[in-house]
Amino acid sequence: MQASTFAIPARAGRTGLAGLALVLLLGSCGAGPSGQGAFQKQYGVARNALEGGDYAQAKRAYLKLIGQSGPLAPRMQLEYAHAELRSGDFAAAAKTAGTLAQGQSGEARAAALAVQGTAQHELGLSLLAGGQAEAGKQQLQAAQAALDEVLKSHAGMDPLGSLAGRQASIRVRLGKL
């Protein structure tokens, strides 16, 4: 089964990248942690690998970044969860994003819940296809709860309606179980 992609909305992506650029700029002026150039290079490796479909490389690079990213650690964890999702490791993506969501608030929590809900939806479908009806239903219910929270608290994070469409699909599927 092919992993569905989840793209952080343009507004959130620009905000995150602007924040990263600011930290990197400050780091280059001596105001940030040492090794900022190495961090920026490693981030480029991780991001390029993720966008290029080399999910194993992306995950390795993000894991290295998480421990050295200071205040950007939640963002690196989110991108790591996204790499897990896109690689088809739905259970790991749901766990990583869910753990991250527990410690976040606002848009950061909503972004983590969107990845978690997407991963749980895909995992639920996979379990149902494998004949595991109860486990699949539980994943779909968890996905629905995560996506409900995102859409209620941060509807602007779904400008194209992909999360709402996923939510509707889950609702229909649960109605048939």
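A helix axis here is a line fitted to C-alpha atoms over the stretch in contact, and angles run from 0 to 180 degrees between N-to-C directions. Keep that in mind as you click through this predicted model.

**Stop 1: helices α7 and α8**

Select residues 133-153, which form helix α7. Add residues 162-176, which form helix α8. The two helices pack at an angle of about 145°, and their axes are 10 Å apart. Their crossing is left-handed.

Now show the side chains between them. Which residues of α7 meet α8? They are K137, L140, Q141, A143, Q144, L147, D148, V150 and L151. From α8 come L163, A164, R166, Q167, I170, R171, R173 and L174. This contact holds nine nonpolar residues, three polar ones and five charged ones.

**Stop 2: S169**

Stay on α8 and pick S169, a residue of this helix. Is S169 buried or partly exposed? S169 counts as partly exposed because its relative accessibility is 38%, and buried means under 20%. Next, draw a distance from the C-alpha of S169 to the C-alpha of Q144. It reads 9.7 Å, although 25 residues separate the two in sequence.

**Stop 3: R166 and E122**

Still on α8, select R166, then add E122. Their side chains meet in a salt bridge, with 3.1 Å from N to O. This pair joins distant parts of the chain: R166 sits in α8, while E122 sits in helix α6, residues 106-129. The two are 44 residues apart. Both R166 and E122 are buried.

**Stop 4: E79 and its partners**

The whole structure has six salt bridges. Go to E79 for the next ones. The side chain of E79 meets that of R47 in a salt bridge of 2.9 Å, N to O. Here too, distant parts of the chain are linked: E79 is in helix α4 (residues 73-86), and R47 is in helix α2 (residues 36-52), 32 residues away.

How exposed are these two? E79 has a relative accessible area of 1%, so E79 is buried. R47, at 25% relative accessibility, counts as partly exposed.

Now add R75. R75 also forms a salt bridge with E79, and the closest N and O atoms are 2.8 Å apart. Why is about one helical turn between R75 and E79? Because they are four residues apart in helix α4.

Widen the selection to R47, E51, R75, E79 and R86. A network of salt bridges links these five residues.

**Stop 5: helices α2 and α3**

R47 leads to the last stop. Select α2 again, and add helix α3, residues 55-66. The axes of α2 and α3 come within 7 Å and cross at roughly 150°. Angles over 145 degrees count as roughly antiparallel, and α2 and α3 are therefore roughly antiparallel to each other. α2 passes α3 in a left-handed crossing.

Show the side chains here as well. On the α2 side, the contact is made by F39, Q42, Y43, V45, A46, R47, A49 and L50. On the α3 side, look for Y55, Q57, A58, A61, Y62, K64 and L65. How do the residues of this contact divide? There are 11 nonpolar, two polar and two charged.

How values were computed
Residues numbered from 1 in each chain as written. Predicted model: local features only at pLDDT ≥ 70, side-chain atom pairs only at ≥ 80, totals over all residues. Heavy atoms only, no water. Buried < 20%, exposed > 50% of the residue type's maximum accessible area, 1.4 Å probe, protein only. Salt bridge = Lys/Arg side-chain N within 4 Å of Asp/Glu carboxyl O. Left-handed = near helix turned anticlockwise from the far one by under 90°. Contact = heavy atoms within 4.5 Å. Nonpolar A, V, L, I, M, F, W, Y, C, P; charged D, E, K, R; others polar. Parallel < 35°, antiparallel > 145°, perpendicular 65-115°, else oblique.
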